[in-house]
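Good morning, colleagues. I should like to take you through one model this morning, beginning with a single residue and then moving outward to the chain as a whole.

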Amino acid sequence: MLATGDECFKEKMDLDMQVAKLKVLKQSYLSEHYDLEDRILKYFPQTIKEYEERIVSYESDAALAEQHKPQGEDRFCPMTLKGMTYTEKADAGEMLLAVCKENPLSNPVEIGNYRGFKMEVY
């Protein structure tokens with residue numbers, strides 16, 4: 001057909017190539033459209049719910065931390081470890097290191113609390 005030199009054949013081939021390109025673009029568009037639809041219906045609502053739950057948790061943590069503000073000149077809040085309350089930062093630090101060394105890393109163990117938050121060794 002090309003050997004005849006007829007312009008109609010060349011134009012038909014060009015149009016066929018353009019139609020093929022448009023079909024590929026249409027499939028790409030539809031695929032992206034369905035993907036976005038899926039995200040809007042499934043992913044985003046779940047993500048929004050998770051972030052709302054985090055916000056509530058952060059607000060309750062902030063309120064709890066506000067209730068247990070550090071006092072004194074060294075701004076240290078008393079720490080409870082293994083049932084004993086430590087008011088001095090150095091003593092609490094030494095005991096904390098000792099407790100961490102004596103507990104194996106395999107099982108989480110509650111060791112006390114600080115500023116209203118539970119402390120565990122992992």
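Is Thr47 buried or exposed? In this predicted model, Thr47 is buried, because its relative accessible area is 14% and the limit for a buried residue is under 20%. Thr47 belongs to helix 1. Its side chain also has a polar partner: one of its polar atoms lies 2.9 Å from the backbone oxygen of Tyr43.

Let me now place that residue in the overall architecture. The chain contains 2 helices and 4 strands. Read from the N terminus, the order of the elements is α-β-β-α-β-β. Of the 122 residues in the chain, 12% are buried, and Thr47 is one of the buried residues.

Next, helix 1 itself, which covers residues 7-67. How far apart are its end C-alpha atoms? They are separated by 85 Å, and this agrees with the 90 Å that 61 residues should span at 1.5 Å a residue. The helix does, however, have a kink of about 45°, and the centre of that kink is Arg39.

I turn to the surface of this region. Ile40, Leu41, Tyr43, Phe44 and Ile48 together make a nonpolar surface patch of about 550 Å². Tyr43 therefore appears twice in this account, as a member of the patch and, because a polar contact is a pair of N or O atoms within 3.5 Å, as the residue whose backbone oxygen meets the side chain of Thr47. Ile40, another member of the patch, counts as exposed because its relative accessibility is 55% and the limit for that class is over 50%.

What about charged pairs? The structure holds 4 salt bridges, and I shall discuss some of them. One joins the side chains of Lys12 and Asp16, with an N to O distance of 2.9 Å. Why are these two residues about one helical turn apart? They are 4 residues apart in helix 1. As a general point, an α-helix has 3.6 residues a turn, so residues three or four places apart point the same way. Both partners are partly exposed: Lys12 has a relative accessibility of 48%, and Asp16 has 42%.

Another salt bridge links the side chains of Lys42 and Asp38, at 3.3 Å from N to O. These residues also lie in helix 1, 4 residues apart, or about one turn of the helix. Here the partners fall into separate classes, since Lys42 is exposed at 58% relative accessibility, whereas Asp38 is partly exposed at 36%.

A further salt bridge takes us to another part of the chain. Lys82 pairs with Glu102, and their closest N and O atoms are 3.5 Å apart. Lys82 sits in the loop between strand 1 (79-81) and strand 2 (84-86), while Glu102 is in helix 2, so the pair ties together parts that are 20 residues apart in sequence. Lys82 is partly exposed, with 43% relative accessibility, and Glu102 is exposed, with 52%.

Finally, I remain with helix 2, which covers residues 89-102 and includes Met95. Which class does Met95 fall into? With a relative accessible area of 24%, Met95 is partly exposed. The C-alpha atom of Met95 is 7.4 Å from that of Leu81, although the two residues are 14 positions apart along the chain.

Thank you for your attention.

Methods. Residues numbered from 1 in each chain as written. Predicted model: local features only at pLDDT ≥ 70, side-chain atom pairs only at ≥ 80, totals over all residues. Heavy atoms only, no water. Patch = residues over 30% accessible without salt bridge, like charges linked within 9 Å, V, L, I, M, F, W, Y side chains within 5 Å. Areas by Shrake-Rupley, 256 points an atom, 1.4 Å probe, with all protein chains shown as cover. Buried < 20%, exposed > 50% of the residue type's maximum accessible area, 1.4 Å probe, protein only. Expected span 1.5 Å × (residues − 1). Bend = angle between axes of the 7 residues up to and from the residue. Polar contact = N/O pair within 3.5 Å; in protein donor to acceptor, adjacent residues only side chain to side chain.
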